[in-house]
Amino acid sequence: MTASTVDTAQVVVEPVRYWTRQRKVGVGLAAAGVLAAVLFGALATAQKAEFTLAETISGSAIGINGTVGAVVFGALAALAGGAMLVTARRAFGWLLGLGIVAALISFLCWQLSQAPDNLNTIPLGSVAHSSVTLALPLILGALAGVLCERSAVINVAIEGQFLMGAFAAAMFATLAGSVWIGILAAGVGGLIIGLLLAVLAIRFLVDQVVLGVVLNVFALGLTGFLYEQLMAKDQSRFNQPTFVPEWDIPGLSKIPLLGPALFKGNIFLYGAIALVILIHVGLFYTRWGLRTRAVGEHPAAADTVGVKVLALRYRNVLVGGVVAGFGGAYFTLLSTTNFNKNMTSGLGFVALAALIFGRWSPIGSMLAALFFGFCSALAVSLSSINSPIPSGFLNMLPYIATIVAVAGLVGRVRAPAADGTPYIKG
Amino acid sequence: MTEQTTATAEDLAAAGADQLPPPKTFAGRYLRAMWTANTVTVTVLAVLLALIIGGILIAISDESVRASFSYFFSRPSDFFSLSWDKVSDAYAQLFRGSVVDPAAVQAAANGSGTWERVFFPISETLTYAAPLALTGLAFALAFRGGLFNIGVQGQAIMGAVGAALAGFLLPLPVGIHLVVALVFGAAFGGAYGFVPGFLKARTGAHEVITTIMLNYVALFFLGWLIIQKGIQDPERSDAISKPVDDSAQLTHLLGFLGPSLRVNLGIVVAVLVVAAVAWLLRRSTFGFELRAVGLNPEASRTAGIGVGSTYVLVMTAAGALAGLGGATIVMGTAVSLTGAVIGSVGFDGLLVGLLGRAKPWGVLLAALLFGALQAGGNRMQSFSGISLELVGVIQALIVIFVAAPALVKTVFRLRPAKVSGLGTGMSKGW
């Protein structure tokens, strides 16, 4: 509240500067567009670059001459950047989106035009499907973060909750012979870390970032230890779950592009969509949400009007643990069907980045997670068309994109005001 | 240790005057002080608690112990004796693998064994401790400046890359080569630490996010680099680089006793750097500014300290320390770059830094403890069949308990006293 007062005061005093953030981004985008047009245009060949809307590379395709496509779309990106200089604040988001997409298409035209003869096609339906699939754990992890951090408990332990969830899902799905038992167990696995986080952060006032990092190491060690002592010795008894069933929605799953992305899913996809809606509505339109946000912004004020601050924090952190644990089951019941040591490979931290990139809101986090999923899916499909870029660098793409996004496009984000500070009554 | 215990005794005498009269005898005072929640006591009890929980894990993960549990109510003694055997054997191996094996000492004294076997455990402990101390410092220094450097792993990877490149690409004379390779390691790590610091200062991008992402970028970069022509070992088909020249390898300190004693100059480098950082933090202007920014950036800005430039410097320095850590590995033990050349020494560095309470000499002690656990864990794995992963669990538990002194106090019903916790500006959140 103080911050906003100061801001308004500054706006009054400060003269209007020409070089706003929007105009700076515009210049950057224009430069990138020109660079793309020149560089990709020069590198591209005249071979056609083709995109199909289906999930396979057969079928009707939109094609464009590689060199022409690279130059035209690069120029389009440059134009979008130039337009930002004129329009300043207006339509900033649209122009930025247009510019980025155009630059991306320019890049893809180059990549596809130099691909071997029959590999010069990208099936967009399949890219959409794998973008969404790869984003699922990130969405669930980020939602867990939303639940915790909106009530002012920092959750860096998403990675640990993923691992516990993945481990419990693999183990109990195999023991019980049912993936549903596995998913329940995954929730409990995440809950265990959530409980440790809650008790240590709320009751014993441990620094929450420190705690999260250490809980990750704890979960990594614990699952690794149990894996070596139990699973590795008898894989068929402890570590052979089956895939979760795929549920296609009849009719809707045939829509090009959207069908494979949204309606050819499984429990994780529909669960994630439901949770995003549920948490969004809950957070902004219900009594629980108002109280949660109040506790996250100003716990003392919430306490004064009778909200039980600590109880609410406990509850939210525990529910968050269950959600993240559910997200962990993705790793052992959908992307593969067995548990491996450290198999989440840092995606819990990426979910945390999605949470911050999405400004602590359920929908924003989901979009950020989808962005990350798209970058990963793009890296996969680029390596399948024999891209001249080494696969190591392609694998860096999602991580670098996140850095650029967090550093360049978001600006300074603002966390819930009380995030990370324990509440001591009195 | 004595300093801290006496200090707490005095605190207690002042604070507890209304409760109990201070004991008259020295021994009474000493015991009272020991049972007060001072830093040393909390740390020791944290280690104890972690080992107890680790013991429970060893017991329940053992086949025969679980079998005996099925008839627990008819013959509970079986369950307890089996558990005890299993756990005590595992921890005995842990000790023999990290400090000293009494059997080896006896054999060496008799003349039937070699002194190499006697010094082997301690050599391993020191070997593991050296890079841990450096990566721990990398975390601790940033932590004191109010930054949470999770990028130690990536910075250490880049340091290893820098040192290795200098080690096998530059033809330099003995002596100079070693120094140049270490400098390259520090420079690569420092440059990699500069990036998140700069981003934080200029755009406000949170260092937790950027450093985590940079860890993966470094890992993929390493994976790409070691299969390039001129870097990859031409005699090997797998992903491994050429070995570092002999002139750039850290000398083995106990090499005269036997080739298996790997402890090298790295530990000397680590101790010197710890001393240097301790001096830097305590005595230099930069150290003062760093601590001020860590405690309160707004007040520091008001006082005329450049907060942004301090962030950049802190992260660069932290990166250089982590880079040195990576360099000592590739120049001391690993010799060639591989995908997992530094293992998890960067992530473990976070725990070391926390356990050392972000103080340089504390970090060194923590690194010795973690090095000992690592060395002993290797022996425990091969002699008792307990997975090395248990060491990770124990390390994490120790740090959890150290970070939660209130929890340890509750468990052991300690008398309250000042405990130097992890207090910096971190609890501000994002």
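Reader: What radius of gyration does chain B have, and what would a compact globule have?
Author: Chain B has 24 Å, and a compact globule of 430 residues would have a radius near 22 Å, so the two agree. The radius is taken over C-alpha atoms, and the globule rule is 2.2 Å times the number of residues to the power 0.38.

Reader: Ground rules for the model?
Author: This is a predicted model, where local features need pLDDT of at least 70, side-chain atom pairs count only at pLDDT 80 or more, and totals for chains, interfaces and linings use all residues. Residues are numbered from 1 along each chain as its sequence is written, while chains are lettered from A and ligands numbered from 1 in the order in which they are written.

Reader: What box do the C-alpha atoms of chain B fill?
Author: Roughly 65 × 65 × 45 Å, along the principal axes.

Reader: How many helices and strands in chain B?
Author: 18 helices and 0 strands. Both are DSSP runs numbered from the N terminus: helices are H or I with at least four residues, strands E with at least two.

Reader: What share of chain B counts as buried?
Author: 53% of its 430 residues. Buried means 20 or more other C-beta atoms within 10 Å of a residue's own, exposed means 12 or fewer, and partly exposed is in between; C-beta atoms are placed from the backbone.

Reader: Switching to the interface. How many residues does each chain give?
Author: 43 from chain B and 43 from chain A. Contact means C-beta atoms, placed from the backbone, within 7 Å.

Reader: Which helices of chain B supply at least two residues each?
Author: H9 (176-203), H10 (207-225), H15 (345-355), H17 (389-403) and H18 (405-412).

Reader: How do the residues on that side of chain B divide?
Author: 30 nonpolar, 11 polar and 2 charged. Ala, Val, Leu, Ile, Met, Phe, Trp, Tyr, Cys and Pro count as nonpolar, Asp, Glu, Lys and Arg as charged, and the others, Gly among them, as polar.

Reader: Now chain A. How do H12 and H14 cross?
Author: The axes of H12 (residues 287-297) and H14 (residues 309-335) of chain A come within 10 Å and cross at roughly 110°. That makes H12(A) roughly perpendicular to H14(A). Axes are lines fitted to C-alpha atoms, for helices over the stretch in contact, with angles from 0 to 180 degrees between N-to-C directions. Under 35 degrees is roughly parallel, over 145 roughly antiparallel, 65 to 115 roughly perpendicular, the rest oblique.

Reader: Which residues meet there?
Author: A:Arg291, A:Thr292 and A:Val295 in H12(A) meet A:Val309, A:Leu312, A:Arg313 and A:Asn316 in H14(A).

Note on methods
Contact = placed C-beta atoms within 7 Å.
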